[in-house]
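Visitor: Hi! I'm new to this one and would love a quick tour. Could you show it to me before we start?
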Amino acid sequence: MTTGAVWDVVVVGGGLSGLAAGAEVSSAGGRALVVEGHQPGGRARVSERDGFTFNRGAHALYLGGPGIGVLRRHGIDPQGTPPPLRRYRMSSGGRLHQFTAGPASLLRSSVLGARGKAQVARLLASLPRMDTATLAGTSVSAWLDRLGLGADAEGLVRAVLRQATYSADHDGLDAGAAVTQLQLGMRSGVSYLHGGWAQLINGLTARTQVRAGCKVRSLEPVAGGIEVVTDAGIERARAVVVAAGTPDAARHLLADPPDWGDLGRAVSAACLDLGLARVPRPGWVLGVDTPLYSTLQSPPAHMAPDGGAVAAVIRYGARSAEVDRHDLEAHARLAGIDPATAVVTRFLARMVVAGTQPQARLGGLAGRPAVTATGQRAITICGDWVGAVGMLADASLASGAAAGTAALEAARSTTIVA
Ligand SMILES: Cc1cc2nc3c(=O)[nH]c(=O)nc-3n(C[C@H](O)[C@H](O)[C@H](O)COP(=O)(O)OP(=O)(O)OC[C@H]3O[C@@H](n4cnc5c(N)ncnc54)[C@H](O)[C@@H]3O)c2cc1C
């Protein structure tokens, strides 16, 4: 059954990238429809339980990144608050230490010896001006080897890089992309959003037409356009954006899948989200000798009932559910949280944080497929594994906007045959 309407652009997937693509087409005067198999939001979706609001795992919006530029262009000004870094702790050997966010806390921290403090101080001073283009194609591990840091300083730098990029695979991760991400955090900081990332999803959803709960089964090229076969019938489009979340999901929809080569594995995490009746102390603990991180999303953001808190505990790199849950609960206890007393507990054993990470062996960000790399002019792609700009949500929003623009251009040069 064909519904009759001919869309300029149909977007497959209503996560951040697909919604950004739809908003871009709509704001440029095109007719766009975003088709989403579940609820809009994808991995940036929030859930409400017993008065607590949960992102899917810890989510921090980079304030100086390309993503916020896309949001602001569409009149979305995210409201939130920075995490209180001075209250953060680091864990090593089962003990807590001062977080080393800047020179003063660095000097006080017991996580580093005197030599480690000097090495990290030098690195902190040089990071803002580091030319990341010269690091593209070098892995984080190779870069750290070159720096010749002591074990304590290297452990700390690796922990901060995990926190900034979500990646624990430093042998594969491109140092150019990772250091750019660190620079972004140091320059402009991040924000924990009031009410979670629903702000972004609701803002973008209001700027384009979205059909939720409708899965796209296939894309069938026809003269001058594409038939989008969905659970609810066939939509006809002049162009399509595939924003399905991962390279595999995109390949599955493309009739003639392009050869993107080996893009590497998805970046994964195990997540323990907790709604708590009281605010725990310290709450924020970044593991130095373990790839674990506990953060309070609320407070500072408003996501919990009065006096309560929302904690997110993460293991960078998911393994088996049983082992990860055990480690997440142990790390929560180190952060002063007793998981047994949580009002709400949600364990997400294996979340895909990003479809791929920028791989050093592919030249870093430049090695990710372009939005137009489908072999078909009328079909573009987007997501956090697409395009040469940004990581995580920044990449999704930036590639979403670019894919929407390219799709509308293709649509405007196409006449569909009725
Ligand atoms: C635990 C965790 C923590 C994170 N923390 C941060 C952070 O702090 N900062 C940051 O910048 N980023 C963070 N991210 C990354 C960020 O959430 C993602 O980069 C972003 O949300 C991905 O958006 P997307 O649109 O590219 O993909 P997705 O959100 O995966 O959206 C794809 C959508 O397509 C739909 N879909 C797929 N196939 C079909 C089909 N055939 N028909 C219809 N619909 C389909 C899916 O249902 C889904 O909704 C985090 C991610 C996770 C998991």
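Visitor: Thanks! Where should we begin: what share of the contacts join residues at least 24 apart?

Guide: This is a predicted model, so keep that in mind throughout. If you take the contacts between residues at least 6 apart in sequence, 73% of them join residues at least 24 apart.

Visitor: And how many helices and strands are there?

Guide: The chain has 11 helices and 19 strands. Its radius of gyration is 22 Å, close to the 22 Å that the globule rule gives for 418 residues, so the chain is as compact as a globular protein of that length.

Visitor: What does the C-alpha trace span along its principal axes?

Guide: About 75 × 50 × 40 Å. As for the inside, buried residues account for 53% of the 418 residues.

Visitor: How is the chain divided up?

Guide: Into three pieces: domain 1 (2-44 + 198-264 + 364-412), domain 2 (46-56 + 266-354) and domain 3 (98-189). Taken over C-alpha atoms, the centres of domain 1 and domain 3 are 35 Å apart. Their contact involves 6 residues from domain 1 and 9 residues from domain 3.

Visitor: What sort of residues does domain 1 put on that side?

Guide: On the side touching domain 3, domain 1 has 4 nonpolar and 2 polar residues, with no charged ones.

Visitor: New topic: the ligand. How many residues surround it?

Guide: There are 37, and the closest are Gly 13, Gly 15, Gly 42, Gly 57 and Gly 245. By class, the shell contains 18 nonpolar, 13 polar and 6 charged residues.

Visitor: Which helices and strands supply at least two residues of that shell?

Guide: Helix H1 (16-27), strand S14 (267-276), strand S18 (344-354) and helix H11 (392-412) each do. H11 gives the most, with 4 residues.

Visitor: And which domains does the shell draw at least three residues from?

Guide: Domain 1 and domain 2 each contribute at least three.

Visitor: Let's look at some strands. How do S3 and S4 pair?

Guide: Strand S3 (residues 46-49) and strand S4 (residues 52-55) run antiparallel, paired over 4 bridges. One of the bridge pairs joins Ser 47 to Phe 54 in S4.

Visitor: What about the turn between them?

Guide: The hairpin has 2 residues between the strands, and Asp 50 takes a positive phi near 50° there.

Visitor: What's the strand order in the open sheet of 3 strands?

Guide: The order is S5-S9-S6, with antiparallel pairing. Strand S5 (61-62) and strand S6 (80-81) are at the edges with a single partner strand each, so one side of each has no neighbour in the sheet.

Visitor: How many bridges link S5 to S9?

Guide: S5 and strand S9 (residues 190-193) pair over 2 bridges, in the antiparallel sense. You can find Tyr 62 opposite Val 190 in S9.

Visitor: One last spot: where is Gly 264?

Guide: Gly 264 is in the loop between helix H9 (247-253) and S14.

Visitor: Is that glycine buried or exposed?

Guide: Gly 264 is buried: 20 other C-beta atoms lie within 10 Å, and 20 or more is the cut-off for calling a residue buried.

Visitor: Which residues does Gly 264 touch?

Guide: Leaving out residues up to four places away in sequence, Gly 264 touches Gly 172, Thr 356, Gln 357 and Gln 359. Gly 172 is 92 residues from Gly 264 in sequence, yet the two are 8.5 Å apart in space, C-alpha to C-alpha.

How values were computed
Residues are numbered from 1 along each chain as its sequence is written. This is a predicted model: local features need pLDDT of at least 70, side-chain atom pairs count only at pLDDT 80 or more; totals for chains, interfaces and linings use all residues. A residue is near a molecule or strand if its C-beta atom, placed from the backbone, lies within 6 Å of it. Ala, Val, Leu, Ile, Met, Phe, Trp, Tyr, Cys and Pro count as nonpolar, Asp, Glu, Lys and Arg as charged, and the others, Gly among them, as polar. Domain bounds come from an automatic or database domain assignment. Two residues are in contact if their C-beta atoms, placed from the backbone, lie within 7 Å. The radius of gyration is taken over C-alpha atoms; the globule rule is 2.2 Å times the number of residues to the power 0.38. A residue is buried if 20 or more other C-beta atoms lie within 10 Å of its own, exposed if 12 or fewer, and partly exposed in between; C-beta atoms are placed from the backbone. Two strands pair if DSSP finds at least two bridges between them.
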